[in-house]
Amino acid sequence: MAMGDIGPGGDVRLFLAVCDHGGFARAAGSLGLTASAVAKGVARLEGRIGVRLFERSTRHFRITPEGEHYRAVCRAAVGSVRAVEEALALSASEPAGLVRVTLPPLLGAEIVAPALFALTDQHPRLSLNLSLDRTPVDLRGGQVDLAIRIGDPPDVAGVIGRRIGVQRLALCASADYIAARGAPAGRSDLQDHELIATAIDGRPAPWRFTEAGREVVWAPPARLILDGAALALSAIRAGRGVGLIPSWVAAADIASGRLMALMPDAVTGHRPIYALWPDYAPMLPRLRVVIDAAAAALRQATDDGGSPPQPTANLP
């Protein structure tokens with residue numbers, strides 16, 4: 001211990017060294033200090049806490065009952081600090097510990113969660129607590145470490161956001177429905193079709209299209225208003241009409257030809273996907289690898305930056 005290390009915490013270390021070596025001189029020798037420096041440090045400590053820690057005279061030197069109690073407490077505290085320091089040093093290089101993550105229900109269950117399950121195979125000391133929820137979350141409340149949400153991040157102080165993907169949308173219908181009803185060439189044609197909408201607070205979520213270089217927000221006059229993309233996909237597959245759903249949800253059916261993507265160049269309203277975490281949380285390896293794994297899975301599954309999967313309906 002260098003002379004500059006002596007302070008409130010350093011005085012405790014001097015005290016413990018005196019306890020271990022049975023006197024100021026022997027403790028000083030082990031620390032590379034003078035006996036006077038050790039004695040002054042112990043005296044400062046006794047003055048600060050208001051009790052004598054050692055009985056000392058020219059004939060004897062022994063710890064007081066108060067000193068024995070204080071020694072036990074100090075040893076436990078120093079041991080705890082050392083354990084934390086060792087754990088932090090390890091966590092600085094290896095993802096370890098618990099990460100509590102909240103995910104949007106369908107995207108989370110189908111795309112993100114499997115990637116995070118695989119992550120635990122790569123990092124045996126990493127633990128996850130996953131939940132599915134689409135509602136806003138209080139990231140500063142200490143109950144969640146990371147939230148992945150679809151849409152623009154909230155303008156809330158104390159929250160850091162990183163864009164990790166985009167949820168593109170596809171307007172689709174079954175091949176059988178298109179064969180029977182024809183393919184719409186534009187938004188005005190949709191009025192003549194059966195429409196399937198997803199719900200926001202019980203009302204149809206708006207559809208967005210590019211028309212003449214500007215975005216048009218349109219409330220679809222839907223016969224079916226369904227809670228979520230999974231139900232909408234089921235209805236579209238069954239030939240119940242035209243619906244707007246995330247392209248990754250319909251990708252396999254579109255690739256197989258079971259569903260047809262309609263008006264792909266006109267559909268807009270694609271939504272960003274963000275990872276959100278509290279600004280007081282350090283970017284520990286465990287948090288970083290979870291965010292990176294989620295981002296990689298989303299890039300692969302959501303066709304970030306690309307067009308909705310083909311084939312498309314043959315337009316007139």
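Which residue of β13 is the bridge partner of I196? In this predicted model, the bridge partner of I196 in β13 is G243, and that pair belongs to the contact between strand β8 (residues 195-200) and β13, which pair in the parallel sense over two bridges. The protein has nine helices and 15 strands, and buried residues make up 41% of its 316 residues. The points below take up the overall figures, the surroundings of β13, a five-strand sheet with two helices on it, a helix pair, and two loop residues.

**Overall figures**

- Among the contacts in the protein with a separation of 6 or more, 74% are accounted for by residues 24 or more positions apart.
- The accessible surface of the protein comes to about 16400 Å², and 52% of that surface belongs to carbon and sulfur atoms.

**Strand β13 and its partners**

- Strand β13 (residues 242-246) is mostly covered, since five of its five residues are buried.
- Strand β7 (residues 169-174) is joined to β13 by four bridges, and these two strands run antiparallel; within β13, L244 is the bridge partner of L171.
- Strand β8, in contrast to this antiparallel arrangement, pairs with β13 in the parallel sense, with two bridges between them.

**The five-strand sheet and the helices on it**

- An open sheet of five strands follows the order β4-β3-β5-β15-β6, and its pairing is mixed.
- The edge strands of this sheet are β4 (126-132) and β6 (159-167), each of which pairs on one side only, and neighbouring strands are turned by 20° against each other on average when direction is ignored.
- Within the order given above, strand β3 (residues 97-103) and strand β5 (residues 146-150) pair in the parallel sense over two bridges, and the bridge partner of T102 in β5 is A147.
- Helix α5 (residues 105-122) lies across β3, β4, β5, β6 and β15 (271-278), and its direction runs at about 175° to β4.
- Helix α9 (residues 285-301) also packs on the sheet, where it touches β3, β4, β5, β6 and β15, and the direction of α9 makes about 20° with that of β6.

**The pair of helices α2 and α3**

- The axes of helix α2 (residues 24-31) and helix α3 (residues 35-49) come within 8 Å and cross at roughly 110°; α2 and α3 are therefore roughly perpendicular to each other, because angles of 65 to 115 degrees count as such.
- On the side of α2 the contact is made by F24, A25, A27 and A28, while α3 contributes A35, V38, A39 and V42.
- Sorted by class, the contact of α2 with α3 has eight nonpolar residues, with no polar and no charged ones.

**Two loop residues with positive phi**

- D201 has a positive phi of about 55° although it is not a glycine; D201 lies in the loop between β8 and β9 (203-204) and is exposed, with a relative accessible area of 79%.
- A212 likewise is not a glycine and has a positive phi of about 55°; A212 is placed in the loop between β10 (207-211) and β11 (214-218), and with a relative accessible area of 85% A212 is exposed.

Key:
Residues are numbered from 1 along each chain as its sequence is written. This is a predicted model: local features need pLDDT of at least 70, side-chain atom pairs count only at pLDDT 80 or more; totals for chains, interfaces and linings use all residues. Side-chain values use heavy atoms; hydrogens and water are left out. Axes are lines fitted to C-alpha atoms, for helices over the stretch in contact, and angles run from 0 to 180 degrees between N-to-C directions. Angles under 35 degrees count as roughly parallel, over 145 as roughly antiparallel, 65 to 115 as roughly perpendicular and the rest as oblique. Contact means heavy atoms within 4.5 Å. Ala, Val, Leu, Ile, Met, Phe, Trp, Tyr, Cys and Pro count as nonpolar, Asp, Glu, Lys and Arg as charged, and the others, Gly among them, as polar. Buried means under 20% relative accessible area, exposed over 50%, partly exposed in between (1.4 Å probe, protein chains only). Accessible areas come from the Shrake-Rupley method with a 1.4 Å probe; for residues, only the protein chains shown count as cover. Two strands pair if DSSP finds at least two bridges between them.
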